Amino acid sequence: MDTELKENQCDIERQTSRKFRSEIPGVVDELVLSCNRDDCFDHVGLEPISSREAIIDLLHRAFRILYPGYFIQKRVDEVNLGYYFGQEVTEFFEILSEQITLAVRHDCIRYEQPCSLCQERGEEAAIDFGKQMHLIRSQLARDIHAARDGDPAAASFDEIIFSYPGLYAITVYRMAHQLFEQGVPLIPRIMTEYAHSRTGIDIHPGARIGDSFFIDHGTGVVVGETTIVGDRVRLYQGVTLGAMSIPREKVKELSDRKRHPTIEDDVVIYAGSTILGGDTVIGARSVIGGNVWLTESVPPDTLVFAKEPELVFKERTR
Amino acid sequence: MDTELKENQCDIERQTSRKFRSEIPGVVDELVLSCNRDDCFDHVGLEPISSREAIIDLLHRAFRILYPGYFIQKRVDEVNLGYYFGQEVTEFFEILSEQITLAVRHDCIRYEQPCSLCQERGEEAAIDFGKQMHLIRSQLARDIHAARDGDPAAASFDEIIFSYPGLYAITVYRMAHQLFEQGVPLIPRIMTEYAHSRTGIDIHPGARIGDSFFIDHGTGVVVGETTIVGDRVRLYQGVTLGAMSIPREKVKELSDRKRHPTIEDDVVIYAGSTILGGDTVIGARSVIGGNVWLTESVPPDTLVFAKEPELVFKERTR
Amino acid sequence: MDTELKENQCDIERQTSRKFRSEIPGVVDELVLSCNRDDCFDHVGLEPISSREAIIDLLHRAFRILYPGYFIQKRVDEVNLGYYFGQEVTEFFEILSEQITLAVRHDCIRYEQPCSLCQERGEEAAIDFGKQMHLIRSQLARDIHAARDGDPAAASFDEIIFSYPGLYAITVYRMAHQLFEQGVPLIPRIMTEYAHSRTGIDIHPGARIGDSFFIDHGTGVVVGETTIVGDRVRLYQGVTLGAMSIPREKVKELSDRKRHPTIEDDVVIYAGSTILGGDTVIGARSVIGGNVWLTESVPPDTLVFAKEPELVFKERTR
């Protein structure tokens, strides 16, 4: 397809009129000049920044390490397993340490700090992450079991690993959260927003989420930065664990405070419900029905339903 | 971009410190060892499994067959049409039969059944699918007309084919449903979840959906596994056709039952409405307004609106 | 991965049974024949149409021009900036003018108009677009500031540019709207629907949206074709600015009318709210709470909340 595209471009190059080509330099100049204006966000003259593309590549590689044998077309067996991991993991950590180095160095320069240690910090952060990776894999196994237990339509573990958006988002979140905890800038958010883009599930890397977490369907789920979620919690599509509305002038001063709710162990929250506020605690084993709007705490072992808005039934005149 | 990436990697390889490189083997060993633990989901030592990537490639190919001339940059005309289809279709079926074979064989081995017939079953299933494909195309033509009739913003059929997420999701669903009906494991769900990822529309391949189906905007739509939808039905964004809440301990025993609603012919369901339960039937020609929550049946020719929750208006002190 | 895929294909080609291969021609013939039926949407025998793939490529290129230095892995500095833009911009406009030409020519032929001027129109439209591009960049800078001001979780401008789905959707919308205003067919909608696919945010290119626009989280947002939005407006996930329900038989006659609401300056609309109708005006500085359903106008400086549906709390028997 690419070569076709190229040929087409050549064609058009030959065909485009003199007038058209004579106009281009003016457009280029305007774009170069306007780059110096205050109102242009550019990244010119600075060290290269982390690459969104490289970070998405890292995520693909991570899936091959976390779920060995699932996301490749070669056969992996006991004999070649060491080589397989050796190569995958080495490449993964080289790219990861490079990207962290770029992110860290970029921050140093933006904030005009000395930067002799950026590469060292990048490498250390990559290794620290690496040492957690088999633990993340174990935690994900518990998430997979939670999906199998929670969804009557789940035909097999394979189906969950290959196709469940909830598991995809949780896998990316668990890695991004580890990096977030290590203080790595920029990269965790690029990771979770990529997962958001693929799944419609928006989990901030700062959220703290326990074991055996299951999100069904998932489109529209939002889990905010300071949310705390216990073990064995189940969420359905369209659930928001969010912040109360903030007056424009207070946005900055509130940014360090706990703004999002706490969900204790074994809670289930059905589709479309919204739970807001940093002091809101949903007690253990509670069940929140669909379309509930909650801004205050609920004790443990509570069922909460919205009284359905009254329905009006009329016969349709045809 | 790839070669750049490579060069960068080489660079970093040279630069990374001895200390960093000395830490990697430990990380690799831990990941290999932990692969033998119970809590690792791996696919090691087994036959290769279907490839998500190959199945996404299949979907792209299917679009070129179902909408001839739309998704290529070459000119297709009456003269070369036979060759065009000949090549596209042959490749499509070879890959499809291979992927079905892998999916079937994988199931055989997991469940320790004999597997001499896997390839034969893959080929038969691919051909059976192929014989349905021109019928699927006709059915999709009716879906396209439904989009044109249902959306005042639709500027042309081309716009619908190129850009409507609803049509994309329905196209993938109609293929996945055919494979689901043929008993093909794994692949149908990978297909519909890919469409879910691209469109925010989550249709289970098991759902049974009639002709002239239209979904507008679509983000957040969920259509569950045992849903039945009649002809000329229109859904808007955020509509859920789902199951009632299920106590954790009953999840498995309910998995064979009809858990999702039946929507009869000519029904319209506006944005954000939720219809739950296997016994819930929305009668023909009924109109369900926005944000309605329904867990019981509605007779034919009914208008159902939610009494809007009372609004509170206050003057804003500035 | 591709070469692997190829090898696998070769393998399978050798392996597939004679019976399988003998069935393929019948399937091909049926697909070719059925292409002549009325109910097949094909694009056979016509000039090539705009390519969705090329337009997505154009969007990637546009991001490199609008946010210089952010979406490449090379270092861009003051010295090479002219060359960088020179090359990027030239290629961008050649592809853009080609795609517009194809879109225009295709419309001409479908509607059987004479078409001598298609290429000229394509080039003119591309240059007209180019002259607006530095203005679009300035406008986007104001959108970025609005994101920084509106979100306590925004760690840096870089994070917003790299990862915020709202900014992605607004960037694509601002380009698509410019092309829409110039009367370019097909391409604007392919652009915004690609952004919809990546972000869950569905903004029709026809909508008119002022400065400093911010969408937080964004999944499920719908902004209809004839919506008007003022300056400094903030939307949260799941907000619909939509049309009232339309009886099937009136869809076409309403397509030229203003069907979507007007949102004045400095309005905030919280998650899940729905505002419908072409005559509905939300007055300046008003705040619309979450889950509000509005089909009539609201004066300036108004707070609107939904009285939350009463909740039922029960102790859960275990």
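Strands here are DSSP runs of E covering at least two residues, numbered from the N terminus. With that in hand, let's walk through this predicted model, starting with a short stretch of backbone in chain A. Between strands β12 (287–288) and β13 (293–294) of chain A runs a loop, and N291(A) is found in that loop. What is the sign of phi at N291(A)? The angle is positive, near 60°, and the residue is not a glycine. That deserves a second look, as most residues other than glycine have a negative phi. As for its surroundings, N291(A) has a relative accessibility of 29%, so it counts as partly exposed.

Now turn to chain B, where R232(B) also calls for a look at the backbone. R232(B), again not a glycine, has a positive phi of about 55°. Its place is the loop that links β5 (228–229) and β6 (234–235) of chain B. Because its relative accessible area is 35%, between the 20% that bounds buried and the 50% that bounds exposed, R232(B) is partly exposed.

Next come the aromatic rings. Over all chains, a search of the whole structure turns up 33 aromatic pairs. One of them joins F92(A) and F93(A): their ring centres are 5.1 Å apart and the planes meet at 90°, which makes the pair edge-to-face. Are these two residues buried or exposed? F92(A) has 2% relative accessibility and so counts as buried; F93(A), at 0%, counts as buried too.

Chain C offers a pair with a tilted arrangement. F92(C) and F129(C) lie 6.3 Å apart, centre to centre, with 35° between their planes. F92(C) belongs to helix α4 (residues 81–110) of chain C and F129(C) to helix α5 (residues 118–150) of chain C, so this pair ties together parts that are 37 residues apart in sequence. Both F92(C) and F129(C) are buried.

Back in chain A, aromatic residues also gather into a group. F63(A), Y67(A), Y70(A), F71(A), F162(A) and Y168(A) make up one aromatic cluster.

Rings can also have a charge above them, and two arginines show this. Over which ring does the charged end of R148(A) sit? The ring belongs to F157(A), and the charged end of R148(A) is 5.2 Å from its centre. In chain B, the charged end of R198(B) is placed over the ring of Y168(B), at 4.1 Å from the ring centre.

How values were computed
Residues numbered from 1 in each chain as written. Chains lettered and ligands numbered in written order. Predicted model: local features only at pLDDT ≥ 70, side-chain atom pairs only at ≥ 80, totals over all residues. Heavy atoms only, no water. Helix = DSSP H or I, 4+ residues; strand = E, 2+ residues; numbered from the N terminus. Buried < 20%, exposed > 50% of the residue type's maximum accessible area, 1.4 Å probe, protein only. Phe/Tyr/Trp six-rings, centres within 6.5 Å; stacked < 30°, edge-to-face > 60°. Lys NZ or Arg CZ within 6 Å of the ring centre and 35° of its normal.
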